[in-house]
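Visitor: Got a minute to walk me through this one? Please keep it brisk.

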Amino acid sequence: MANISDIIENFILSNIGDDSIIQLSRNELAGQFNCVPSQINYVLSTRFTPERGYVIESRRGGGGYITVIKIKSGNQYEEISKLIGKSISDRESEHILIRLIDAGYLSRREAKLIYSCINDKALASASDPKAQRAEILKNLLPEILK
């Protein structure tokens, strides 16, 4: 059985539409799923990140509307390389891999294999795991995006 975060994420994804944008009321969404508004914030902040290809715009007052925008990108390599930068956390790298799955560049199995090589446990002996992770991802990107 899916947890509430998965259900909320799937609802947003299924309603984002062809124009890659959806406007939501945090309170209405919380009421619809019988949860607290902070649960909606959690889903937005962990599942709709730039690393996964989304931008969130929040508007206070007037019902507290949130706009979720799916980034339309022309050059995936440049965009993802910029997100990776010179160092990247374990969690951010996981989000980038999910983005690559969503875009059809990787299967779940391939992403799991890559993640097993770049997670905190695998890079525990590296002097700078975040920088090492970034280098590995940047080296893999050209092959992934072919």
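Visitor: Where is confidence lowest, and where is it highest, in the protein chain?
Guide: Confidence is lowest in strand β2, with a mean of 82, and highest in helix α6 (residues 108-118), at 96. The score is pLDDT, the predictor's confidence in each residue, from 0 to 100. Helices (H or I, at least four residues) and strands (E, at least two) are DSSP runs, numbered from the N terminus.

Visitor: What does the chain average?
Guide: The protein chain has an average pLDDT of 87, and 92% of the residues score at least 70. Where pLDDT is low, the predicted coordinates should not be read in detail.

Visitor: Ground rules?
Guide: This is a predicted model: local features need pLDDT of at least 70, side-chain atom pairs count only at pLDDT 80 or more, and totals for chains, interfaces and linings use all residues. Residues are numbered from 1 along each chain as its sequence is written, and side-chain values use heavy atoms, with hydrogens and water left out.

Visitor: On to the sheet. What's the strand order?
Guide: The order is β1-β3-β2, in an open sheet of three strands with antiparallel pairing. Two strands pair if DSSP finds at least two bridges between them.

Visitor: Which strands stand at the edges?
Guide: β1 (21-25) and β2 (54-58) do. Each has a single partner strand, so one side of each lacks a neighbour in the sheet. From one strand to the next, the twist averages 20°. Axes there are lines fitted to C-alpha atoms, for helices over the stretch in contact, and angles run from 0 to 180 degrees between N-to-C directions.

Visitor: How many bridges between β1 and β3?
Guide: Five, in the antiparallel sense. β2 and β3 (residues 65-70) also pair antiparallel, over five bridges.

Visitor: Which residues partner up?
Guide: In β3, threonine 67 is the bridge partner of glutamine 23. Threonine 67 is also the bridge partner of glutamate 57. Tyrosine 54 has lysine 70 in β3 as its bridge partner.

Visitor: Is threonine 67 buried or exposed?
Guide: Buried, because its relative accessibility is 12%. The cut-offs: buried is under 20% relative accessible area, exposed over 50%, partly exposed in between (1.4 Å probe, protein chains only).

Visitor: What does threonine 67 touch?
Guide: Ile21, Ile22, Gln23, Val55, Ile56 and Glu57, leaving out residues up to four places away in sequence. Contact means heavy atoms within 4.5 Å.

Visitor: Switching topic. Where is lysine 82?
Guide: Lysine 82 sits in helix α4 (residues 76-84). Lysine 82 counts as exposed, because its relative accessibility is 73%. Its C-alpha atom is 9.8 Å from that of lysine 138, 56 residues apart along the chain.
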